[in-house]
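Reader: Please take me slowly through a single part of this model, with the cut-offs behind each term, as I would like to follow it residue by residue at the screen.

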Amino acid sequence: MGLLYGLIAVGLALIFGLMDVTNFAHGEFLMIAMYLSFFLFAFFAIDPLLSAPLVAAALFVFGAVIYLLLVRFAMRAKANAGMVQIFTTFGLAIVMRGLAQYFFTPDYRSIPQSWLGGKTISIAGIFLPEPQLVGALVSIVAFAGLYLFIHRTDFGRALEATREDPGAVALVGIDKNRVFAFGWGLGAALVGLAGAIMAVFFYIYPDVGASFALIAYVTVALGGFGSVFGAFAGGIIVGLVEAVTALVLPPSLKSVGIYAVYLLVVFIRPRGLFGSM
Amino acid sequence: MDKNFAARRRRDLIIAAALAVIAALTPLFVKDVVVQNILILTLMYAGLSQSWNILSGYCGQISLGHALYFGLGAYTTELLFTKFGVLPWFGMLAGGVVSALIAMGLGYPFFRLRGHYFVIATIVIAEIGLLLFHNWEWAGAAMGITIPIRGDSWLKFQFARSKLPYFYFALLLACVAWFVTWWLEDSKWGFWWRAVKDNPDAAESLGVDVFNSKMGAAAVSAFLVAVGGSFYAQFVSYIDPESVMGFQFSLLMALPAVLGGIGTLWGPVLGAAILIPLTEITRFKFGGSGSGVDLIIYGTLIVLISLALPRGLMSLFSRPKKTGATR
Amino acid sequence: MTALLETRGVWQRFGGLVANSDVSISVGRGEIVGLIGPNGAGKSTLFNLIAGVLPPTQGSIIFDGEDVTRLPAAARCQRGVGRTFQVVKSFETMTVVDNVIVGALVRNTVMREARRKAHEVLEFTGLAARADVLASDLVPAEKRRLEVARALATEPKLLLLDEVLTGLTPTEAQTGVALVRKVRDAGITVLMVEHVMEIVMPLVDRAIVLDLGKVLVEGKPADVVRDPKVISAYLGDRHAVGA
């Protein structure tokens, strides 16, 4: 579970680190991905595991379009830039939730039978639910891919450079908007991947994003804003803390543990565990 | 010296008084219960948003966790009333004090955080409060508390037949919050807050106690919001964790100020006057069926206004006075 | 008469970097003292130690007969230390007069008094005509002057000026120099950091030269500029000193 949190969070961390914008519609991106996965299964009988790359690709386009249509303008605000970004993405989140309710109805849906659903696997006597296990594997692969991408490719470096000094980058002939749009696309694609996997073992409904979004922010902040590795580590910590809290406290209080750990961490290290900025 | 300034403040006060009188007279003409309901909520949110504005607008500490204080106000009042028979008026005061104390207690660790870390910490703490109340059996847990109605009474601040008393209290709340802001705006605290928001280092060098001015703002802000929470509890006569401490309240307190103009005296009033009726009308017209149209309209509006008017609607009224001699 | 400000064996280390080592200086009442030195000499660090931005690693700071080493900036301001910032830090969303009122509130609790004081200071610093303009709309030279005005409004005994004359046009610098003289004539002691010697030397009564975190030379400006150690420090030719 922690790795999936990490996967959700890393998309957010990427967007934040890249351009200092918090996407408050991140949970809704996740919701859209889950619905996509659901409909691909319901209408075309494509198993969520197979459709995951498709969903990620669709989310990539979606994220890039959102950046070009909305966020680009929010970033240009001359006054109260922070507030404008918060409320623009917040408004977007509300619209997306509304649209989901309108088109998909507020009903809870789930994917009844998939290759992975409900199966468990036994490793050395410990029973593990298969979907979570696959989710963890996919997350690790995605992280490794992202890490290599940022550090080993030209585009990854362009991303880093744009973040550090947009003005200078413009001089070298890199279009800032294209890089940022790509960053948003990538962030959305990652959360898309997470959504596709989570569609297998979570109910899907218009507000589903909200319950994960806060955990994603906490995960990002825990690791330190803008740090991809931090988001990964933050995800694992959050997952562990959740598991431990679930043992000690009643299930409805499991998030309290996460929140408490977050508060504890930022009070000791106001910039998160791996925050450098 | 500074005639303009004194004149502007007097003008603000006169406008506010005139608006209050007009508002006080509306129930004479508006008999429709649904409309009265909207008016009450508008006034309440004007007051809440004004209070939120003190900490977040003037002092610059953006909180998206004020639902905590709203809920604490509501719960303190109702727990004291249902468990110990303490009259809501005292409960209201107690709720305000409890919230102010908690706000200051939280201030110790919180005010060291900056930017996004602070905002997320405020969301998180409100969420923790919500979860705790959800699991607190004595306080009704998820079931909440139903306030026993025993007929109209000013003493118990409950009215089944007419909404008018609630209306006047909401008006009073809005007026008090406005007046407190007006008064603080031209005081040492008001100047300190704005200085802290603009540049804490420079403020410190000018003898401003940065930490304590944040604490002061947090306490005033939390107190007023808690009073609003007590009022709301009496008004709806049933509370559960979601309905008084949910995240939507944090949002609904911030939005009017942001739309109207954050850190301005009139922003919250203007924002609430536009936003709340709109929220309620879209919900009334399109909501209920769960179609989500209300959310679509509402969200679109937020996006458009924040993109088009980053300084809020008040920026349309202020004529920027640039002398333009140099440059 | 005792000195208004004294630093006794002040050290400041940042990790392995020593920004100030064993700095002992004193500033007498009514003086204009220039603190100069090449880039990276530790001027700004010393300045921040005196203003109370951070406590020194070692040593003590005595102001007006009181040990203020551990006091934070706000408390030092109340005791009579006013400062400006090298990178101007105006309250951008507030008007010029409101900026100055923040300073004036240190000694005037009644708003009307603070406001009157602020206007007085604006008159004194020649910003009166710009009182109702937003600080963000000022030109750089005016922002510098606003920094001085704000600090003066706190009615300091000691005014710390951090490169207020740097980066100004010659005419602006002349106005600045005149203002500093006027401040001293009003009975306020001035300690100013400047990088460019030409501007400060005619203005100050005494100059203290820092180099590599230490006090290199101290004395009358005319003597200081002729000192070979100072010349070599500024020229970067350190071998000349030993030779």
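Author: What follows is a close look at chain B, from its helices outward to its two partner chains.

The model is predicted, so local features are given only at pLDDT of at least 70 and side-chain atom pairs only at pLDDT 80 or more, while totals for chains, interfaces and linings use all residues. Residues are numbered from 1 along each chain as its sequence is written, and chains are lettered from A and ligands numbered from 1 in the order in which they are written.

Helix α9 of chain B, residues 210-236, is a good place to begin (helices are DSSP runs of H or I with at least four residues, strands are E runs of at least two, numbered from the N terminus). Its axis comes within 8 Å of the axis of helix α2 of chain B, residues 33-58, and the two cross at roughly 165° (axes are lines fitted to C-alpha atoms over the stretch in contact, with angles from 0 to 180 degrees between N-to-C directions). That angle makes α2(B) roughly antiparallel to α9(B), a label used over 145 degrees, whereas under 35 counts as roughly parallel, 65 to 115 as roughly perpendicular and the rest as oblique. The crossing of these helices, α2(B) and α9(B), is left-handed (the near helix is turned anticlockwise from the far one by less than a right angle; clockwise would be right-handed).

On the α2(B) side, the contact is made by B:I40, B:M44, B:G47, B:L48, B:S51, B:W52, B:I54, B:L55 and B:Y58 (contact means C-beta atoms, placed from the backbone, within 7 Å). From α9(B) come B:A217, B:A218, B:V220, B:S221, B:L224, B:V225, B:G228, B:F231, B:Y232 and B:F235. By class, the contact of α2(B) with α9(B) holds 15 nonpolar and four polar residues and no charged ones (Ala, Val, Leu, Ile, Met, Phe, Trp, Tyr, Cys and Pro are nonpolar, Asp, Glu, Lys and Arg charged, the others, Gly among them, polar).

Helix α9(B) also meets α3(B): their axes come within 6 Å and cross at roughly 55°, which makes α3(B) oblique to α9(B). Here α3(B) passes α9(B) in a right-handed crossing, whereas the crossing of α2(B) and α9(B) is left-handed. The α3(B) residues that make this contact are B:Y69, B:F70, B:G71, B:L72, B:G73, B:A74, B:T77 and B:E78, and those of α9(B) are B:A222, B:V225, B:A226, B:V227, B:G228, B:G229, B:S230, B:Y232 and B:A233. In this contact of α3(B) with α9(B), 10 residues are nonpolar, six polar and one charged.

Within that second contact, B:Y69 deserves a pause. B:Y69 lies in helix α3 of chain B, residues 67-84, and is buried, because 36 other C-beta atoms lie within 10 Å (20 or more count as buried, 12 or fewer as exposed, and those in between as partly exposed). Apart from its neighbours within four places in sequence, B:Y69 is in contact with B:A222, B:V225, B:A226 and B:G229, and also with B:S99 and B:A103. The C-alpha atom of B:Y69 is separated by 8.2 Å from that of B:G96, although the two residues are 27 apart along the chain.

Moving outward to chain A, 31 residues of chain B are in contact with 40 residues of chain A. On the chain A side, α3 (48-75), α4 (81-104), α9 (208-223) and α11 (254-268) each supply at least two residues, and the largest share, 15 residues, comes from α4(A). This side of chain A, the one that touches chain B, consists by class of 30 nonpolar, eight polar and two charged residues.

With chain C, 24 residues of chain B are in contact with 30 residues of chain C. The elements giving two or more residues to the chain C side are α2 (73-79), α3 (96-104) and α4 (111-125) of chain C. The side of chain C that touches chain B divides into 14 nonpolar, six polar and 10 charged residues, whereas the side of chain A that touches chain B has two charged residues.

Technical notes: Two residues are in contact if their C-beta atoms, placed from the backbone, lie within 7 Å.
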